[in-house]
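Biologist: Please show me the model, and then let us go through the contact between two of its chains.

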Amino acid sequence: MSNKPTLDLVKLGGEMYEFCRDLFPIFRSLTGDGVRQTLLAIKKHVPELQIVEVPSGTKCFDWTVPDEWVIRGDAWVEDPEGVRIIDIRDSNLHVVVYSQPVDEILELDQLQEHLHSIKEQPTAIPYVTSYYAKTWGFCLTHTARERLRPGRYRVRIDSELKPGSLTYGELRLRGSTEEEVLLSTYVCHPSMANNELSGPAVTTWLAKQLSSDINRRLSYRIIFIPETIGAIAYISAHLEDMQRKVIAGYVVTCVGDNNTFSYLSSRKERTIADRAATHVLKHLHPNFISYSYLDRGSDERQYCSPGVDLPVASVMRSKYGTYPEYHTSLDDLDYISSDGLAGAFDVLSRCLQILEANLTYRACNPCEPQLGKHDMYAPISTKKRSPATRTILNLLAYCDGNMDLLDIAEKINVPAWELAEYAQQLVTKKLIAPID
Amino acid sequence: MSNKPTLDLVKLGGEMYEFCRDLFPIFRSLTGDGVRQTLLAIKKHVPELQIVEVPSGTKCFDWTVPDEWVIRGDAWVEDPEGVRIIDIRDSNLHVVVYSQPVDEILELDQLQEHLHSIKEQPTAIPYVTSYYAKTWGFCLTHTARERLRPGRYRVRIDSELKPGSLTYGELRLRGSTEEEVLLSTYVCHPSMANNELSGPAVTTWLAKQLSSDINRRLSYRIIFIPETIGAIAYISAHLEDMQRKVIAGYVVTCVGDNNTFSYLSSRKERTIADRAATHVLKHLHPNFISYSYLDRGSDERQYCSPGVDLPVASVMRSKYGTYPEYHTSLDDLDYISSDGLAGAFDVLSRCLQILEANLTYRACNPCEPQLGKHDMYAPISTKKRSPATRTILNLLAYCDGNMDLLDIAEKINVPAWELAEYAQQLVTKKLIAPID
Amino acid sequence: MSNKPTLDLVKLGGEMYEFCRDLFPIFRSLTGDGVRQTLLAIKKHVPELQIVEVPSGTKCFDWTVPDEWVIRGDAWVEDPEGVRIIDIRDSNLHVVVYSQPVDEILELDQLQEHLHSIKEQPTAIPYVTSYYAKTWGFCLTHTARERLRPGRYRVRIDSELKPGSLTYGELRLRGSTEEEVLLSTYVCHPSMANNELSGPAVTTWLAKQLSSDINRRLSYRIIFIPETIGAIAYISAHLEDMQRKVIAGYVVTCVGDNNTFSYLSSRKERTIADRAATHVLKHLHPNFISYSYLDRGSDERQYCSPGVDLPVASVMRSKYGTYPEYHTSLDDLDYISSDGLAGAFDVLSRCLQILEANLTYRACNPCEPQLGKHDMYAPISTKKRSPATRTILNLLAYCDGNMDLLDIAEKINVPAWELAEYAQQLVTKKLIAPID
């Protein structure tokens, strides 16, 4: 636990970026082989990952696991001259996700009803889904759409929606206590970088780091799921267990670009997950943007929902919905960077470090101890006192059995990871002891 | 419960103004026939009104109901030439209320000790009372007073103070629960408009609306009383019953002019009465003036007093004591308006609407429901979500069995009357249910 | 209890200044005869003072009472020409406190390692101690130090460190309740005025005033101790008794100069000690400086420490460590003044007055009383109400059995010492009564 990152963040950023690059072309959706390939790639890094299949039709609270959607082959549009002007082979964002099969010839104005583009971002292919309404459609740049001329177009989507399963990955790491930290990230978007692959990348590298730490105090539940229905399916199968164990959690998403950090509050707002996140950001990236739970948009919607009530927040870089590249083909490998990924890894890693260290201590004796006797004090008293002595005395002053380490760190305005080291020294010298 | 007023506020404002005009000439005081005539006029609109007489001499905590004061006939001053220069027939503010009988001839300097005028408002006749000190006096404009010349003046007040009773009106409306809202307004000032008749007018029209609403959940206790001693007499007779039932209340006074709204806090400051009032004002009249309980001056002084401890606030337009016309003949029918009355009716009506709707809900299932299935969601997901969907999801997110509807409305910054409609939809679809 | 000081503050300031002047030359240290002489001087003013000796070697939590340090005779430096250039007889700050005996001849560069001066304050002799590290040294002005020329210097300190005792003074004054106020000041620094003698002076005069007040409700524990080890020794002998009785306390230090007042929070921050201090300062010296507990530096470090947990704050003028003269020979009798001492006495005296008066009252009747009947109200009601009536009504409005007098004083923004007089009147008239 030191102020300096213990891992080579530059090297690690490069590894995470490479992981994103490798997984970028996979055609992920809510269900299907894209998710499975992605989970197998993660499992190469954390072999303990369990891959779980939830059958279509499984009831999950108000929801039902949908059928599996498969693009068996073609998904394209031919213009009146027979030229394929839109083809899923060029970008897997071209097809509206969960499109029904179609093989028709249409007039342009009929086709237009099935096309999606963004006038304000003429070079972006938008990302559009229709999980629960039965339709089909294509996405394209607005520039390409404007070039379409009247005539008869052939459209073909060779898709199928059939009973199958929803797939997710789960990694459970046992610490010395049953108390658990939840990390949740999603694996259900096609080729997008910040709002998809950055999450699994950083989460995978956090999982690698955690699984190699044999001294971990807390247990970890790390899940890679399709957004929304995946989280709901997971919660519906593990609700009681999660409510009993999870003391803090983070949804890991949009952690790949190199812009200002963002924090999104949990519903309950001042949980230990929130406090650790804002503490780290305040010390490392003080200009971070703070979002209310009203700005939520990922799986904290489920984890924090009434009846689930878990203390789950989110630390991001550019938050979903706030950057123009979001949910378009412009959220690509150029939008993220190894530095961006490494910075987010560092922040989340320190949050976990704080959760590990966040005990409540009580001073062993009334009054201040004689620090000199314990080799913790400058022997000759002049006007000034060293910052370290000041920090130790402040830490001691608040070890009252009520404030936890993070409370004290906030109170005395010292990074909790530094304070954790002093606390360890004071425990060793039997000047403070953890309670409970 | 809709954002648009369900009644024609213009028509209703006109009716209330007419009511004020009709009752303006009546010579009201703490006790006596002026109060009785006023209550009978109110009873024409709400026939269920009970008129109650409390005998003089009745003990009410530290107080005693005073004798009844009657102006039997004359109340005037004649100048040395025998001209009646002050006469109650011209304005019932001319005589100091509760003046003892007098019939004397005095020198001007002796007379001056019994005259009241306001130098800074030379055209205003001030309103002066002397309920508990035995004296007599006349009020006049400062302009008229300056015209008085030395000489012998005859003064005559044919009044009597004799055992009788204090009169008040009470309307009790039973809802489906015993929980009660208190509306209290006073009927004890002579010809003044904002600081007298506006209160009974708006309260009467609220009572009419409430008594015609057969679906009301809450019960209502609506009282028309002389200020201070009337409230004390009422409380002393109903204390335990009120403490058991009243969940919120408003003193209705100074609700007739067309100036900025005012809110006066209850003593306990954040009661449901306060929260509803500030919520409505924040949304409808965001530049309203917020007064502390230290600025109180009407019957909240009694309702909120230690030992009574009711959650009673006040919503006003120009607060008593803050406008120059207050407690003078300038607070007349020109100072108020039908628009002013209608605006105040609207605000108080919405406060009651919120109190009616203010249940605490719990979501029926963990996790978000599948809104599409319930016809509450746009089926194709693009970048944006409709405001209605956002509001419904936010409402659901906070239906945790702890926050009441008004808490949630404040949290998500949506008018509670709009939220109440969504809540009703969600109840119908069995997605949330009220607790208790 | 009146707004005007009941004592002649000017006279009293003069007496306290004289006391400081008399005690200035005494060579105080942690232990020894300097402390004893100081305590005997205090005992002349408060004969009930008990002088207590704690033997060297006594264990006090993590600490041990040190041996007693005695300067038996010489403490000087002679230059190569045999001229005594530093001599304790000129200033008792010249010798590092707790210096070990030495009698050597040294080269200048060896001597320099044992010299202390302040480059930025060339005319100040610094105050340096070495209670727990075995060494010796001399302090001198930087100007003098710069004049030293190479050569052989003779240094001699005829000191001895031997078993003896630590001495403190304790005054216990019993009131009608066992609830106690702690006043603690220190008597362990040599010739310094603000950061030493001002504390014992003001505390002694507070003790004189308190011991002459036969109506005191609270008990008082007033201690004159060596800083840190003295407080720790005292607490270790009285911990349980103090925890049972002490409801508020102040460390009295740095109360002699005439600059802006300072307030240092207790650890728990909003104790009655803190509330009384900030209330008095807000009303009398609204531009006072508010320090956090993180800025602490005197015996509140012990009183507020975890395991002791007493509600002890500090009211100062120029706080230790914040003025350049601090811990140097410039903190002398010119730095303090009789006005400065008197002002601090006044503030602390009012704090105690508030603690005495700080009861929780309940109104005897529901509703407002009829003030006129009790001779507390102007009988003729016009537009205005007198400030006294307003204050009485506000006091009554908050006598709810929950808010104490100080809460109410803060709420209605009236000095608590004024409010205490009104409360007394209302008790006499049986309109309010203290609870418990």
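Biologist: How much area do chain C and chain A bury between them?

Modeller: This is a predicted model, in which local features need pLDDT of at least 70, side-chain atom pairs count only at pLDDT 80 or more, and totals for chains, interfaces and linings use all residues. Residues are numbered from 1 along each chain as its sequence is written, chains are lettered from A in the order in which they are written, and side-chain values use heavy atoms, without hydrogens and water. Buried area is the accessible area (1.4 Å probe) that two parts lose on being put together, summed over both. Of the area between chain C and chain A, 50% is on carbon and sulfur atoms, and the total is about 2400 Å².

Biologist: Which three residues supply 28% of the area that chain C buries against chain A?

Modeller: No other three residues supply more of that area. They are Asp62(C), Leu294(C) and Pro306(C).

Biologist: Which side chain of chain A meets Glu269(C) in a salt bridge?

Modeller: A salt bridge here is a side-chain nitrogen of Lys or Arg within 4 Å of a carboxyl oxygen of Asp or Glu. The count between chain C and chain A is 4 salt bridges. In the one with Glu269(C), the N to O distance is 2.2 Å, and the partner is Lys411(A).

Biologist: What relation superposes chain C on chain A?

Modeller: The superposition is by least squares on the C-alpha atoms of residues with pLDDT of at least 70 in both copies. A rotation of 120 degrees with 0.1 Å of shift along its axis brings chain C onto chain A, with an RMSD of 0.1 Å. That is the relation of a three-fold axis.
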